[in-house]
Amino acid sequence: MSPRSVPQGAHGRILSTVSVLDSLCARRVVPVVVVDDAESALPLARALSDAGLPVAEVTFRTDAAAEAIRRIASETDVLVGAGTVIRPEQVDLAVEAGARFVVTPGFSARVVDRCLELGVPVVPGVATATEVIAALDRGLELLKFFPAEASGGIPALRALAGPFPDVRWIPTGGVSSSNAAGYLELPAVRAVGGSWMVAPTLIAAGDFAEVSRLTTEAVRLAAGARS
């Protein structure tokens, strides 16, 4: 594949960047998924969808990530994207597999620029004002605050929201059922990212009923949080 070619996603489905990001944040929770075995991808996606949360950020931490994205994108209606993307070539792999969005753990100009070249929505991770400005310079206003809890949590996010009133946030990293509502009550927060409802141990055990139960609770928690 040429470095400048544009990979085609599953079924050739194309949504505008705004539409994809709106759908990503619609239920205010983004499941952050680690898949070790691609065979888990479809039952996991169906468990999320059945619980009212048809979204999955599949992290590029395992060799199974691209195949998991491919299966979810081609066989379900779940909005699937790639997380933990740290190199431009991973952007190509993810989009070719059918990823509808890309999430990064930190701000990489090369990764962001490749996403912009391909027209795939990207939510870069930031933790400092300098990184926020770098993202704004590229026209990005929906950012991932990561690692949220280790970077100061809600007080730090409030502090960043002051000088950057137009930025909207998806705090991720240390976010759980016990503190998600606090983040969601911040006016600048559009959604939270977390893995408490899709814990790797549950996926490995094939306990998708528990995944669905925890996801249902997460959706209710998010719906009840003030924004």
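## A tour from helix 7 outward

Start at helix 7. Its buried residues pack against helix 6 (129–137), strand 7 (142–145), strand 8 (168–171) and helix 8 (180–184). Keep in mind that this is a predicted model.

**Stop 1: the two sides of helix 7.** Select residues 153–161, which form helix 7. Colour Gly153, Ile154, Ala156, Leu157 and Leu160, its buried residues. They lie on the same side of helix 7, because they cover an arc of only 160 degrees around the axis. Now turn to the other side of the helix. There you find Pro155, Arg158 and Ala159, which are exposed.

**Stop 2: the whole chain.** Zoom out. Show the cartoon and look for ten helices and nine strands. The C-alpha atoms fill a box of roughly 45 × 45 × 25 Å along the principal axes. How does the radius of gyration of the chain agree with that of a compact globule? A compact globule of 227 residues would have a value near 17 Å, and the chain has 16 Å, so the two agree. Next, colour by accessibility. Buried residues make up 52% of the 227 residues. Contacts are worth a look too. Of those with a separation of 6 or more, 62% join residues 24 or more positions apart.

**Stop 3: Ala68.** Go to helix 3, residues 65–75, and pick Ala68. Is Ala68 buried or exposed? Ala68 counts as buried, because its relative accessibility is 0%, and the cut-off for buried is under 20%. Show what surrounds it. Leaving aside neighbours within four places in sequence, Ala68 is in contact with Val35, Ala38, Ala41 and Val58. Now draw a distance from Ala68 back to Pro155. The two are 87 residues apart in sequence, and their C-alpha atoms are 36 Å apart in space. Pro155 is one of the exposed residues from the first stop.

**Stop 4: Gly125.** Move to strand 6, residues 125–126, and select Gly125. This glycine is buried, with a relative accessible area of 0%. Which residues does Gly125 contact, leaving aside its neighbours within four places in sequence? They are Thr104, Pro105, Gly106, Phe107 and Lys144. Then add Thr84. Gly125 and Thr84 are 41 residues apart along the chain, with their C-alpha atoms separated by 9.3 Å.

**Stop 5: the cavity.** Keep Lys144 on screen: Gly125 contacts it, and it also lines the largest cavity. Select the rest of that lining: Leu24, Val30, Glu57, Val103, Val123, Ile170, Thr172 and Gly193. The lining divides into five nonpolar, two polar and two charged residues. About 50 Å³ of space lies inside. How many cavities of 30 Å³ or more are there? The count comes to one.

**Stop 6: the second largest pocket.** Hold on to Thr172, one of the residues lining the cavity. Thr172 is also among the residues nearest the centre of the second largest pocket. Add Val32, Arg61, Gly194 and Ser195, which complete that central set. The pocket holds about 200 Å³ of space. Strand 2 (55–59) and strand 9 (192–194) are the elements that give two or more residues to its lining. In total, 17 residues line this pocket. Colour them by type to finish: six are nonpolar, eight are polar and three are charged.

Definitions and conventions
Residues numbered from 1 in each chain as written. Predicted model: local features only at pLDDT ≥ 70, side-chain atom pairs only at ≥ 80, totals over all residues. Heavy atoms only, no water. Buried < 20%, exposed > 50% of the residue type's maximum accessible area, 1.4 Å probe, protein only. Helix = DSSP H or I, 4+ residues; strand = E, 2+ residues; numbered from the N terminus. Arc of directions from axis to C-beta. Contact = heavy atoms within 4.5 Å. 1 Å grid on protein atoms, 1.4 Å probe; cavity = no way out; pocket = protein on both sides within 12 Å on 5 of 7 lines; lining within 4 Å. Points joined across faces, edges and corners; volume = space filled by probe spheres on them. Nonpolar A, V, L, I, M, F, W, Y, C, P; charged D, E, K, R; others polar. Rg over C-alpha atoms; globule rule 2.2 N^0.38 Å.
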